[in-house]
Amino acid sequence: MNLEFLSPKTPLGHKIQCLTLTRNFFDKHQINADKDNLINNFLSFKDIPIQYMDQIHGKNLQSISSHSSKPIANTDALFSSSTNLALAVFSADCLPIALCKSDGSEFAVIHAGWKGLISGVVESSISCFTDSSNLCAWIGPSISKQNYEVGKDLYDDFMAKDKNSILNFSKKNSYKFLFDLQGEAERILKKYKINVQTSDICTYNSSSLYSYRKEETENRIVTIIWRET
């Protein structure tokens, strides 16, 4: 894979644009993809200001009507109905999720690792829309199940929240499981009858993406969503 961008196969909503900027994009444009550098120096895309978050692996969501040069503090999801900004999420194994109304009137971006999924960041984000009908989602690249080994304590926590999560765990032994982040996010979204597209690309396996688990890197891919005027 040598692409600068990844995107949903079909548009998520009317006039909605959604892209994941890959390692290839940052390399081609000689942009340092370190998270702190991006926050301070990669401030717009196609003249559209980028709104970042100070992601903390929680479920907090902020509604945004205008751009701020500073990342929104203590937040893992952003929601907007404005046309003058792009909402952004950093990731390097966790899930970037874009969500919007099919008419393009409202849109959101979500950062979700296992902590976000179990704390309800997806459900919190859905609840911010005026209604949950006609929502579309794209789950961007993340670590795949085959490369994501977790402990029994995490498995037990997910079972305590929703026993249907078992669909996304495979047992390796008495203490270890493989966990499908993308599958679990898709399962949650589809509970709300949301039309879901997935990238099905693994950050751990792809040389065009960043993986914290593989590289312990501070570099990040960036997923952005915005509405054109």
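## Exercises on strands, a helix and two cores

Strand 12 and strand 13 (residues 176-179) are paired antiparallel through 3 bridges. Keep in mind that you are looking at a predicted model.

**Exercise 1.** Find the residue of strand 13 that stands opposite Lys171, then work out which strands stand at the edges of the sheet.

*Solution.*
- Step 1: Look across from Lys171 and you meet Phe177 in strand 13.
- Step 2: Now trace the whole sheet. It is open, with 3 strands in the order 11-13-12 and antiparallel pairing.
- Step 3: Strand 11 (149-151) and strand 12 (169-171) each have a single partner strand, so one side of each lacks a neighbour in the sheet, and these two are the edges.
- Step 4: On average, neighbouring strands of this sheet are turned by 40 degrees against each other, direction ignored.

**Exercise 2.** Describe how helix 5 (residues 152-161) packs on this sheet, and decide how its buried residues are arranged around its axis.

*Solution.*
- Step 1: Helix 5 touches strand 11, strand 12 and strand 13, and its direction makes about 80 degrees with that of strand 11.
- Step 2: Pick out the buried residues of helix 5, taking buried as under 20% relative accessible area: they are Leu154, Tyr155, Phe158 and Met159.
- Step 3: Viewed down the axis of helix 5, the buried residues fall within an arc of 135 degrees, so they line one face of the helix.
- Step 4: A general rule helps here: an α-helix has 3.6 residues a turn, so residues three or four places apart point the same way.
- Step 5: Turn to the face away from the buried side of helix 5, and you find the exposed residues Asp153 and Ala160.
- Step 6: Finally, ask what covers the buried residues of helix 5. The cover includes helix 3 (114-119), helix 6 (181-191) and the strands 11, 12 and 13.

**Exercise 3.** Name the strands that are joined to strand 2 by bridges, and say whether strand 2 is mostly covered or not.

*Solution.*
- Step 1: Strand 1 (residues 5-6) runs antiparallel to strand 2, joined by 2 bridges; Leu6 has Thr20 as its bridge partner in strand 2.
- Step 2: Strand 15 (residues 221-227) is also antiparallel to strand 2, with 6 bridges between them. Here Ile16 stands opposite Arg227.
- Step 3: Strand 2 (residues 16-21) is mostly covered, with 5 of its 6 residues buried.

**Exercise 4.** Locate the residues that touch the most other members of the largest nonpolar core.

*Solution.*
- Step 1: This core has 40 residues, and those with the most contacts to other members are Leu12, Phe42, Phe45, Tyr52, Val222, Ile224 and Ile225.
- Step 2: Apart from this core lies another, of 34 residues, including Ala77, Val121, Val150 and Cys202.

Note on methods:
Residues are numbered from 1 along each chain as its sequence is written. This is a predicted model: local features need pLDDT of at least 70, side-chain atom pairs count only at pLDDT 80 or more; totals for chains, interfaces and linings use all residues. Side-chain values use heavy atoms; hydrogens and water are left out. A nonpolar core is a set of buried Ala, Val, Leu, Ile, Met, Phe, Trp, Tyr and Cys residues joined through side-chain atoms within 4.5 Å. Buried means under 20% relative accessible area, exposed over 50%, partly exposed in between (1.4 Å probe, protein chains only). Helices (H or I, at least four residues) and strands (E, at least two) are DSSP runs, numbered from the N terminus. Two strands pair if DSSP finds at least two bridges between them. Axes are lines fitted to C-alpha atoms, for helices over the stretch in contact, and angles run from 0 to 180 degrees between N-to-C directions. Contact means heavy atoms within 4.5 Å. The arc is that of the directions from the helix axis to the C-beta atoms.
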